[in-house]
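Here is a short set of exercises to work through with the model open beside you. Try each task before you read its solution.

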Amino acid sequence: MDRYLTSIWAASAELEMLQVQIDQAHEALVHALCTAMAAQIPPEEVAAAANMDLPELFDTLRRPRIAPTPGNRDAVRDL
């Protein structure tokens, strides 16, 4: 493989791995936020712990995610 194409492939693979890690971290954050809210922690405290304001907290909790499909594996994104 050409060295230029090899560097593109490597950078693309690294970006894809980072995107997967970001998606996993986001899902873990949403789970932790939901758990805290279910434990009746005040939303202001939950938001502060997540370094968010209240609109960001509620937006994060209600925003659906799109799962990847075989034809579009990069579809995981916020709507």
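The exercises below concern a predicted model, and each is followed by a worked solution.

**Exercise 1. The overall layout**

Task: Work out how many helices and strands the protein has, and in what order the elements run.

Solution: Begin with the count, which comes to three helices and zero strands. Next, follow the chain from the N terminus, and the elements read α-α-α. Then turn to burial: of the 79 residues, 10% count as buried. Finally, look at contacts with a separation of 6 or more; residues 24 or more positions apart account for 30% of these.

**Exercise 2. Two helices meeting**

Task: Decide whether α1 is roughly parallel or roughly perpendicular to α3, and find which residues meet.

Solution: Start with the geometry. Helix α1 covers residues 3-38 and helix α3 covers residues 54-62; they pack at an angle of about 110 degrees, and their axes are 10 Å apart. Angles of 65 to 115 degrees count as roughly perpendicular, so α1 is roughly perpendicular to α3. Now list the partners: α1 contributes H26, V30, L33, C34 and M37, while α3 contributes L57, F58, T60 and L61. Sorting the residues of this contact by character gives seven nonpolar, two polar and no charged.

**Exercise 3. The largest nonpolar core**

Task: Find which residues make up the largest nonpolar core, then trace the contacts of L33.

Solution: The core has five residues in all, namely L33, V46, A47, M52 and L57. Take L33 next and set aside its neighbours within four places in sequence. What remains in contact with L33 is V46, A50, M52, L57, T60 and L61. Among these partners, V46, M52 and L57 also belong to the core.

**Exercise 4. Positive phi in the loops**

Task: For Q40 and N51, give phi and the location, then say whether each is buried or exposed.

Solution: Take Q40 to begin with. Q40 is not a glycine, yet its phi is positive, about 65 degrees. Its place is the loop between α1 and α2, the latter spanning 43-49. The relative accessibility of Q40 is 70%, and the cut-off for exposed is over 50%, so Q40 counts as exposed.

Now go to N51. Here too phi is positive, about 60 degrees, although N51 is not a glycine. N51 sits in the loop between α2 and α3. With a relative accessible area of 72%, N51 is exposed.

**Exercise 5. A neighbour in the loop**

Task: Locate I41, classify its accessibility and name what I41 touches beyond four places in sequence.

Solution: I41 lies in the loop between α1 and α2. Its relative accessibility is 34%, so I41 counts as partly exposed. Not counting residues up to four places away in sequence, I41 touches A36 and V46.

**Exercise 6. Looking for salt bridges**

Task: Find how many salt bridges the whole structure holds, and which side chains meet.

Solution: A search of the whole structure turns up one salt bridge. The side chains that meet are those of D59 and R63, at 2.3 Å from N to O. To finish, check the accessibility of each partner. D59 has 26% relative accessibility and counts as partly exposed. R63, at 31%, also counts as partly exposed.

Methods: Residues numbered from 1 in each chain as written. Predicted model: local features only at pLDDT ≥ 70, side-chain atom pairs only at ≥ 80, totals over all residues. Heavy atoms only, no water. Axes fitted to C-alpha atoms, helices over the stretch in contact; angles between N-to-C directions. Parallel < 35°, antiparallel > 145°, perpendicular 65-115°, else oblique. Contact = heavy atoms within 4.5 Å. Nonpolar A, V, L, I, M, F, W, Y, C, P; charged D, E, K, R; others polar. Buried < 20%, exposed > 50% of the residue type's maximum accessible area, 1.4 Å probe, protein only. Salt bridge = Lys/Arg side-chain N within 4 Å of Asp/Glu carboxyl O. Core = buried A, V, L, I, M, F, W, Y, C linked by side-chain atoms within 4.5 Å.
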